[in-house]
Amino acid sequence: MTLSGETARLISKYKPRVPIIVVTRTEYVARRCHLYRGCYPLFYPKPQPQKEGSAWQDDVDERVRWGCEECVSEGVIPVDWKVLAVQGWRGGAGKTNTMRIVSKDTLMSK
């Protein structure tokens with residue numbers, strides 16, 4: 001998940017052997033992330049929730065789930081996927097400080 005695409009740019013700099021899935025609500029950021037090596041930008045059409053707190057984390061989980069479902073349908077990641085979600089502990093640009101391993105089972109059970 002990204003607001004500015006900066007974290008995706010920094011990750012792509014290290015040329016990982018796996019795809020970098022970029023989920024964003026900004027069309028400009030999605031277009032710009034096409035320029036970064038290994039990035040697969042996805043435009044997330046749903047509006048941002050107004051509340052902070054648990055609603056924000058639920059929104060993050062929904063975007064991860066949606067992004068993975070889109071990539072599975074396009075053949076970018078396998079059906080039994082595990083992903084490394086890079087996110088911030090709260091909303092806003094420049095807040096990236098958390099990585100978590102997410103599997104299909106953990107997200108789909110919610």
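**Exercise 1. Determine how many helices and strands the protein chain holds, and in which order they run.**

Step 1. The protein chain contains four helices and four strands. Both kinds of element are DSSP runs, numbered from the N terminus: helices are H or I runs of at least four residues, and strands are E runs of at least two.

Step 2. Read from the N terminus, the elements of the protein chain follow the order α-β-α-β-α-β-β-α.

Step 3. The basis of these assignments should be stated. The model is predicted, so local features require pLDDT of at least 70 and side-chain atom pairs count only at pLDDT 80 or more, while totals for chains, interfaces and linings use all residues. Residues are numbered from 1 along each chain as its sequence is written, and side-chain values use heavy atoms, with hydrogens and water left out.

**Exercise 2. State what share of the protein chain is buried, and describe its exposed surface and its contacts.**

Step 1. Of the 110 residues of the protein chain, 34% count as buried. Buried means under 20% relative accessible area, exposed means over 50%, and partly exposed lies in between (1.4 Å probe, protein chains only).

Step 2. About 7200 Å² of the protein chain is exposed, and carbon and sulfur atoms supply 54% of this area. Accessible areas come from the Shrake-Rupley method with a 1.4 Å probe; for residues, only the protein chains shown count as cover.

Step 3. Among contacts in the protein chain with a separation of 6 or more, 42% are between residues 24 or more positions apart. A contact means heavy atoms within 4.5 Å.

**Exercise 3. Explain why β1 is described as largely enclosed, and identify its pairing with β2.**

Step 1. Four of the five residues of β1 are buried, so this strand is largely enclosed by the rest of the structure.

Step 2. β1 and strand β2 (residues 39-43) run parallel and are joined by five bridges. Two strands pair if DSSP finds at least two bridges between them.

Step 3. Within this pairing, Ile-20 stands opposite Cys-39 in β2.

**Exercise 4. Characterise the surroundings of Thr-2 and Ile-77.**

Step 1. Thr-2 belongs to the segment before α1. Its relative accessible area is 10%, so Thr-2 is buried.

Step 2. Leaving aside residues up to four places away in sequence, Thr-2 touches Val-22, Val-23, Thr-24 and Val-29. A polar atom of the Thr-2 side chain lies 3.4 Å from the backbone nitrogen of Ser-4.

Step 3. Ile-77 is located in the loop between α3 (54-74) and β3 (82-88). With 11% relative accessibility, Ile-77 counts as buried.

Step 4. Beyond residues up to four places away in sequence, Ile-77 touches Pro-19, Ile-21, Cys-68, Cys-71 and Val-72. Ile-77 and Ile-21 are 56 residues apart in sequence, and their C-alpha atoms are 9.6 Å apart.

**Exercise 5. Describe salt bridges that involve helix α3, giving the location and accessibility of the partners.**

Step 1. The structure holds six salt bridges. A salt bridge is a side-chain nitrogen of Lys or Arg within 4 Å of a carboxyl oxygen of Asp or Glu.

Step 2. One of them joins Asp-59 and Arg-25 at 2.8 Å, N to O. The pair links distant parts of the chain, with Asp-59 in helix α3 and Arg-25 in the loop between β1 and α2 (27-33), 34 residues apart. Asp-59 counts as buried at 10% relative accessibility.

Step 3. Another salt bridge connects the side chains of Lys-46 and Glu-62 (3.9 Å, N to O). Lys-46 lies in the loop between β2 and α3 and Glu-62 in helix α3, so this pair ties together parts that are 16 residues apart in sequence. Lys-46 is partly exposed at 45% relative accessibility, and Glu-62 is partly exposed at 25%.

Step 4. Arg-100 forms a salt bridge with Asp-61, the closest N and O atoms being 2.6 Å apart. Because Arg-100 lies in strand β4 and Asp-61 in helix α3, the pair ties together parts that are 39 residues apart in sequence. Arg-100 is partly exposed, at 23% relative accessible area, whereas Asp-61 is buried at 4%.

Step 5. Salt bridges that share partners join Arg-25, Asp-59 and Arg-63 into one network.

Technical notes:
A polar contact is a pair of N or O atoms within 3.5 Å; within protein, one must be able to donate a hydrogen and the other to accept it, and residues adjacent in sequence count only if both atoms are side-chain atoms.
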